[in-house]
Amino acid sequence: MLASGLLANYCTELHDDQAHKVDKHLHHLQLSDETLMDVSIRFRREMDKGLCRDTNPTAAVKMLPTFVRSTPDGTEQGEFLALDLGGSNFRVLLVKVMAGGKQKVEMENQIYPIPEHLMRGSGSELFDHIADCLANFLEKLGIKDKKLPLGFTFSFPCQQTKLDESVLVSWTKGFRISGVEGQDVVSLLRKSVKKRGDFDVDIMAVINDTVGAMMTCGYDDHHCEIGLIVGTGTNACYMEQMRNLDLLDGDEGRMCVNTEWGAFGDDGALEDLRTDIDREIDAGSLNPGKQLFEKMISGMYMGELVRLILVRMAKERLLFQGKTTAELLTTGSFSTSYIYDIENDKDKEGLTSAEKVLRGLGLDPSVEDCIATQRVCQIVSTRAAHLCAATLVAVLRQIRDNKAAEKLRTTIGVDGSVYKNHPEFSRRLHKMVRRLVPDCDVRFLRSEVGSGKGAAMVTAVAYRLAAQHAERQSILDTLRLNREQLLEVKKRMSEEMERGLSKQTYVQATVKMLPTYVRSTPDGTEHGDFLALDLGGSNFRVLLVRVRSGKRQNVDMHHKIYNIPQETMQGTGEELFSHLAYCISDFLEYMGMRGASLPLGFTFSFPCHQSKLDQGILLNWTKGFKASGCVGQDVVTLLKDAVCRRGDFELNFVAVVNDTVGTMMTCGYEDPKCEVGLIVGTGTNVCYMEEMQNIEVLDGDDGRMCINMEWGAFGDNGEVDDFLTEFDRIVDDCSNNPGKQRYEKMISGMYLGEIVRNVLIDFTAKGLLFRGKLSERLKTRGIFETKFLSQIESDRLAMRQVRSILQHLGLTSSTCDDSVLVKEVCSVVARRAAQLCGAGLAAVVDKIRQNRNLQQLSITVGVDGTLYKTHPHFSSIMQETLQDLAPQCKVTFQKSEDGSGKGAALITAVAWRIKSGGQH
């Protein structure tokens with residue numbers, strides 16, 4: 001107890017007076033909020049230097065990649081061993097992780113000392129000792145014959161190249177063992193285990209204590225993405241976006257970065273804040289000039305800082321009546337744990353402790369001396385807490401900016417003797433963090449069982465990730481096609497084309513190979529005014545097209561778009577065509593052309609049988625249309641009847657075409673070599689110029705005619721059954737037309753989003769995605785639009801934008817890892833679509849080449865459709881596949897800019913030219 005006489009002299013005025021005296025003397029150790037904010041900004045700059053490939057070699061803050069890619073999600077399970085080496089003791093643990101709703105961890109552990117001589121000996125002696133202790137532990141538990149996965153917490157600065165490979169950069173914390181720096185510690189441990197030969201372990205991961213704290217707390221709180229240690233040393237780690245990690249390839253997902261922030265200031269960044277006392281401590285340390293930030297904060301130095309200040313104040317006659325003792329002058333005599341006792345606020349217990357400590361150092365303190373010593377301790381530990389808060393705030397801001405979040409909600413897993421044992425440190429740290437970043441909602445979680453459990457958790461997560469990865473890949477492999485399969489698709493498509501052209505087999509053929517009666521592509525002499533109608537989806541376009549010939553051939557267009565309501569698409573044929581007639585009437589009125597009778601081309605993008613250019617018998621509706629009374633009817637007649645019923649204008653029908661032919665004609669106007677049309681949008685189709693002699697269903701052998709393949713129906717007789725996955729079958733079963741348009745359902749925009757959605761549902765049901773939690777919205781058919789595939793796969797799109805798409809789908813708690821997986825699913829599904837499309841196209845261009853008996857064919861394909869135009873990789877994958885499967889064809893692709901409406905007008909113009917010229 002404080003001598004009662006001393007305590008009797010204690011009063012508040014005396015306390016304030018003494019505290020004021022010390023404050024004045026140590027004013028440079030007290031940092032304002034402004035200074036701390038500045039330290040935070042400096043540290044953020046240092047982080048950037050460490051992350052950047054060019055500046056990392058000279059950066060003080062190394063920002064080391066740990067290869068820990070994910071925090072626990074609660075589904076981990078199994079038995080794991082852990083080793084924890086970071087000080088003069090090391091622990092061996094057996095950790096049993098249970099999942100299945102219970103989510104609990106059972107641990108057995110044993111602490112083994114590291115004798116002093118080993119801390120200064122050779123590397124092989126140290127690792128042999130560790131292997132001996134591990135054998136002893138396994139024997140005690142009777143599990144020496146099991147080969148268990150092991151995680152190794154090795155709390156010294158290391159350069160990692162893999163999760164299970166870690167090269168020691170330098171020893172710290174008083175270790176000085178020869179032959180380990182520059183070596184992989186896992187190899188050294190494996191060597192020692194092998195040397196014994198009586199047990200084996202599977203070393204899966206090396207981490208440091210900071211990562212261990214984050215992973216331990218991450219098991220209990222899934223928001224935990226920062227680890228902080230304030231103990232003998234200090235450090236922090238956090239989950240960083242891969243795209244910011246310049247040192248590694250790959251920019252998807254996250255990885256834990258070990259900042260090694262103890263070295264902040266080693267390049268002079270903190271010189272203006274370091275005091276004479278800091279310099280004195282550094283000069284007397286084992287590693288002068290290194291770990292300067294750590295020396296202002298951590299438990300290894302805090303007691304020594306206080307001792308040096310007390311010595312100075314005594315020498316300046318501010319304490320102990322100017323007297324010092326041999327004990328007070330001895331380095332290390334003022335232990336950091338003394339500070340914990342002296343700062344205890346309960347009932348003057350702190351002052352009692354101060355007196356006890358000072359007497360222990362051979363001093364005879366007055367009450368003033370005890371008050372002053374307590375104040376010195378407060379100032380030193382407060383500075384440590386506040387500096388720690390400043391750097392932590394830089395990390396929080398980095399995470400917040402990565403997520404582009406207005407407000408960040410996160411958890412910090414903390415460990416270390418200073419944080420846990422100092423009575424006020426944690427409170428001061430929390431308070432300052434909240435003051436400096438009021439826009440972050442931060443929870444601090446104490447890591448109770450330290451980094452050993454963390455090493456087991458990292459191993460458990462690595463184990464889970466490997467198993468889940470294998471399971472996901474085996475599912476995605478069903479959606480991946482190899483070259484043999486694609487050649488088979490090409491071969492079967494060629495066979496179906498022949499069947500569709502042959503008189504004997506065309507009735508049974510799935511690829512209908514419909515003659516379009518379009519006999520020629522534009523030659524540039526077309527001219528005149530033409531009307532065009534374009535119906536192929538939920539919009540209907542009416543166009544006036546002015547074609548000019550001569551040197552400056554050009555096409556001038558005016559158009560208006562009309563919406564077709566869902567009920568009209570699925571009502572009666574009469575309602576549908578009356579609606580179209582109303583739209584045409586409105587357009588003519590709008591253009592002031594009520595009385596004119598212009599030649600008209602009608603783009604009607606549904607499978608039709610034609611027996612002449614101005615007639616089209618609808619074979620079946622696609623793309624969600626279901627209007628009754630149309631199938632088997634001539635659509636020109638249906639529209640003419642609707643126009644007659646109105647009676648307010650007349651039409652001069654010349655041609656019915658579909659969008660594919662329209663696309664070929666539009667591009668053909670620009671490039672005479674364009675003889676193939678391709679659509680990859682809501683649906684997919686191809687047309688091309690075929691030799692008349694091969695079109696057996698028509699008379700006449702001269703010249704060519706455009707064939708509308710209607711290739712979307714390829715596979716309706718089982719031609720693609722062996723490439724279908726369970727996901728294709730689900731999408732087909734739930735569609736408007738089960739069993740029909742099988743090829744189209746694997747390629748086109750109407751279905752890809754659905755395939756992806758079904759894969760995501762399957763992954764989630766198997767616990768491989770979204771932590772096994774399915775959102776109601778994702779169960780909704782059609783909610784995952786194909787445009788999301790294009791957006792998600794856009795290379796410029798950061799993962800956080802992928803997350804915002806997932807949030808739109810009700811997946812509000814999706815993680816960064818989830819985003820990476822969703823992107824992979826989108827990529828696999830889109831790649832297959834592009835490859836299938838390329839394989840089909842290879843069959844088409846090879847047929848044209850063979851028709852013409854050419855060694856090499858040079859040809860242009862006109863392309864239209866939202867999927868082709870907006871998906872970032874579809875066109876390149878399709879072209880790559882085509883080139884591989886049809887190497888003798890040099891194919892150029894031209895995007896059709898004005899689409900099928902202009903094409904209909906050009907067909908009408910070509911037909912008009914041929915008719916007017918009296919040509920056949």
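**View 1. Asp132 and Arg196, a salt bridge between two helices.** Asp132 is partly exposed at 38% relative accessibility, where buried stands for under 20% relative accessible area, exposed for over 50% and partly exposed for the range in between (1.4 Å probe, protein chains only). Its partner Arg196 is also partly exposed, with a relative accessible area of 34%. The two residues form a salt bridge in which the closest N and O atoms are 2.9 Å apart, the term being used for a side-chain nitrogen of Lys or Arg within 4 Å of a carboxyl oxygen of Asp or Glu. Because Arg196 belongs to helix 6 (residues 185-196) and Asp132 to helix 5 (residues 123-141), the pair ties together parts that lie 64 residues apart in sequence; helices (H or I, at least four residues) and strands (E, at least two) are DSSP runs, numbered from the N terminus.

The model is predicted, so that local features need pLDDT of at least 70 and side-chain atom pairs count only at pLDDT 80 or more, whereas totals for chains, interfaces and linings use all residues. Residues are numbered from 1 along each chain as its sequence is written, and side-chain values use heavy atoms, with hydrogens and water left out.

**View 2. Glu271 and Arg279, a salt bridge between partly exposed residues.** The closest N and O atoms of Glu271 and Arg279 are 3.1 Å apart. Glu271 has a relative accessible area of 32%, and Arg279 has one of 33%.

**View 3. Asp282 and Arg274, a salt bridge between buried residues.** The side chains of Asp282 and Arg274 meet at 3.9 Å, N to O. Asp282 has a relative accessible area of 10%, while that of Arg274 is 9%.

**View 4. A network of salt bridges around the pair of the first view.** Salt bridges with shared partners join Asp132, Glu139, Lys144, Arg196 and Asp198 into one network. A search of the whole structure finds 69 salt bridges.

**View 5. The chain that surrounds these sites.** The secondary structure of the chain comes to 29 helices and 26 strands, and buried residues make up 58% of its 920 residues. Along the principal axes, the C-alpha atoms fill a box of roughly 125 × 65 × 50 Å. Among the contacts with a separation of 6 or more, 71% are between residues 24 or more positions apart, a contact being heavy atoms within 4.5 Å.
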